[in-house]
Amino acid sequence: MSLSYRKKNDPKRQQLIPEAEQLLGSELRFEEEILLEAAETAAEKKSLEDLKKDLQTAMELELSTIPPYLSALYSIKEGTNLESVEIIKSVVIEEMLHMVMVANLINAVGGTPVIGQFTPDYPSKLPGDVMPQLTVPLAPFSIDSIRTFEKIEHPEGGLQFLSEKEKKKVQQTGAEGFTGIGEFYKAIKDAMIKLEEEAKTKGETIFIPNRNQVTDEQYYGAGGRIITVSNLDDAIQLIDEIVGQGEGTLGTIFSQDYDPQDDDYQVFGPDVEEYAHYFRFKEIRYSRFYAVTDSAHRDSPNKGLPTGQPFKVDWNAMYNFKPNPRLSSLEKGTALYDKSLEFCKTYTMLLKNINDACNGEPDLLIKGITLMYDLKYKAQELMKIPLEDGIHTAGPCFELVACN
């Protein structure tokens with residue numbers, strides 16, 4: 001098994017190399033075995049309809065990360081933590097980009113992306129049995145929140161977060177679910193390649209060129225370029241782009257011995273244009289940017305941690321909203337309920353806007369800019385309302401509601 005992390009077709013892409021302890025002997029073989037077996041099993045006996053369902057789950061997986069990130073972002077008080085705000089905002093923009101690109105892929109294989117009929121009930125597990133031991137809340141900006149975000153984006157997957165008792169149980173019974181988002185996408189890519197190969201033997205293809213694709217001209221966000229899909233090569237490039245931007249890749253739970261002469265480990269150099277989400281969140285937690293001489297390897301002189309220019313992180317400069325707010329916990333007819341309902345309506349309309357744009361009306365995406373600003377202002381308005389406990393403020397619910 002190759003342990004090279006460098007993407008040959010994109011040498012400027014920051015590489016995903018774990019900080020966790022090296023695994024040796026039988027434990028290393030066990031980790032490798034369950035990762036590869038899970039991906040191979042997921043690719044077996046998949047029909048085109050199965051692929052469409054898995055892609056719908058992938059889109060919901062991307063969506064599931066957005067409310068937690070936005071909750072932390074919106075809770076930061078205006079004019080403070082400027083570097084942290086920009087880092088979290090950049091990740092949110094890329095997650096939205098990923099969601100739209102997965103919709104492009106669903107359309108390309110003849111499916112219909114559905115956005116706005118699902119949102120997690122936080123605190124929530126991630127969709128698709130990804131890291132089933134991880135529970136993700138809606139919570140204010142804090143070290144704990146950032147650490148949760150690191151777990152979501154960790155290139156190594158989820159086994160490191162198991163207790164010794166849980167890990168022993170996994171070893172005895174076999175792993176269930178995917179140990180990371182990268183592994184989940186790897187299984188989708190394997191199934192897609194297999195289905196296309198089967199179609200080619202019949203002189204057919206599973207792809208429909210130019211079907212309801214959102215392009216760069218219509219997407220209002222930044223965070224990279226939109227990839228449209230007409231064939232298998234496009235589809236593979238799209239999945240690799242999503243994984244490479246932050247979710248990790250299958251196989252990166254393994255650590256090679258540190259070699260200071262190996263450029264694969266000097267991943268924050270001056271020609272690197274993009275860091276994965278995991279490392280961006282790590283910069284917040286350690287209040288430092290990565291230096292151009294830093295390495296991601298845990299045995300490097302910097303131990304995989306950022307050693308560059310420090311920046312201020314004020315963990316107290318946030319609205320301490322009560323975690324996991326729910327409409328059902330509020331009294332109908334009160335001002336707080338009405339404001340929370342209006343936030344949910346805006347969130348619902350935003351998802352409907354993206355859904356319509358990804359189903360044949362891409363020019364509608366431009367309207368999402370106004371909705372995104374409305375979402376921010378309404379969230380911050382809620383967070384300024386103190387609750388009766390004298391400790392917390394109100395917060396955004398991120399629920400789907402009926403809209404007029």
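Is Phe279 buried or exposed? At 1% relative accessibility, Phe279 counts as buried, where buried means under 20% relative accessible area, exposed means over 50%, and partly exposed lies in between, with a 1.4 Å probe and protein chains only. The model described here is predicted, so that local features need pLDDT of at least 70 and side-chain atom pairs count only at pLDDT 80 or more, while totals for chains, interfaces and linings use all residues. Residues are numbered from 1 along each chain as its sequence is written, and side-chain values use heavy atoms, with hydrogens and water left out.

**Overall make-up**

- The secondary structure of the protein comes to ten helices and zero strands, these being DSSP runs numbered from the N terminus (H or I over at least four residues for a helix, E over at least two for a strand).
- Buried residues make up 53% of the 404 residues in the protein.
- Among contacts between residues at least 6 apart in sequence, 75% join residues at least 24 apart, a contact being heavy atoms within 4.5 Å.

**The nonpolar cores**

- In soluble globular proteins, nonpolar side chains tend to be buried together.
- The largest nonpolar core has 87 residues, and those with the most contacts inside it are Ile88, Leu105, Met192, Phe207 and Ile354; such a core is a set of buried Ala, Val, Leu, Ile, Met, Phe, Trp, Tyr and Cys residues joined through side-chain atoms within 4.5 Å.
- At least two residues of this core come from each of α2, α3, α4, α6 (181-200), α7 (232-247), α8, α9 and α10, and α3 gives the most, with 15 residues.
- A second, separate core of six residues includes Tyr275, Ala276, Tyr278 and Phe279.
- Leaving aside residues up to four places away in sequence, Ile88 touches Tyr69, Leu73, Ile76, Phe141, Ile146, Phe281 and Ile284.

**Helix α10**

- Helix α10 (residues 368-383) has 16 residues and reaches 23 Å from its first C-alpha to its last, close to the 22 Å expected at 1.5 Å a residue, where the expected span is 1.5 Å times one less than the number of residues.
- The buried residues of α10 are Gly368, Leu371, Met372, Leu375, Ala379, Gln380, Leu382 and Met383.
- These buried residues lie on the same side of α10 because they cover an arc of only 165 degrees around the axis, the arc being that of the directions from the helix axis to the C-beta atoms.
- The partners against which the buried residues of α10 pack are α2 (48-75), α3 (82-108) and α9 (335-357).

**Aromatic rings**

- A pair of aromatic rings is described by the distance of the centres and the angle of the planes.
- The structure holds eleven aromatic pairs, counted for rings of Phe, Tyr and Trp (its six-membered ring) whose centres lie within 6.5 Å, with planes under 30 degrees apart called stacked, over 60 edge-to-face and the rest tilted.
- One of these pairs is formed by Tyr69 and Phe149, which meet edge-to-face at 4.6 Å centre to centre with 75 degrees between the planes.
- This pair links distant parts of the chain, with Tyr69 in helix α2 and Phe149 in helix α4, 80 residues apart, and both Tyr69 and Phe149 are buried.
- Phe279 and Tyr290 also form an edge-to-face pair, at 5.8 Å centre to centre and 75 degrees between the planes.
- In this pair Phe279 belongs to helix α8 and Tyr290 to the loop between α8 and α9, eleven residues apart, and their C-alpha atoms are separated by 8.5 Å.
- Tyr290 counts as buried, at 6% relative accessibility.
- Ring pairs also link Tyr69, Phe149 and Phe281 into a cluster.
- Lys77 lies over the face of Tyr319, at 5.4 Å from the ring centre; a charge sits over a ring if NZ of Lys or CZ of Arg is within 6 Å of the ring centre and within 35 degrees of the ring normal.

**Backbone details**

- The peptide bond from Tyr122 to Pro123 is cis, with omega near 0 degrees, and Pro123 lies in the loop between α3 and α4 (143-153).
- Asn324, placed in the loop between α8 and α9, has phi near 55 degrees, a positive value in a residue other than glycine, and counts as buried at 18% relative accessibility.
- Phe398, in the segment after α10, likewise has a positive phi, near 55 degrees, and counts as buried at 0% relative accessibility.
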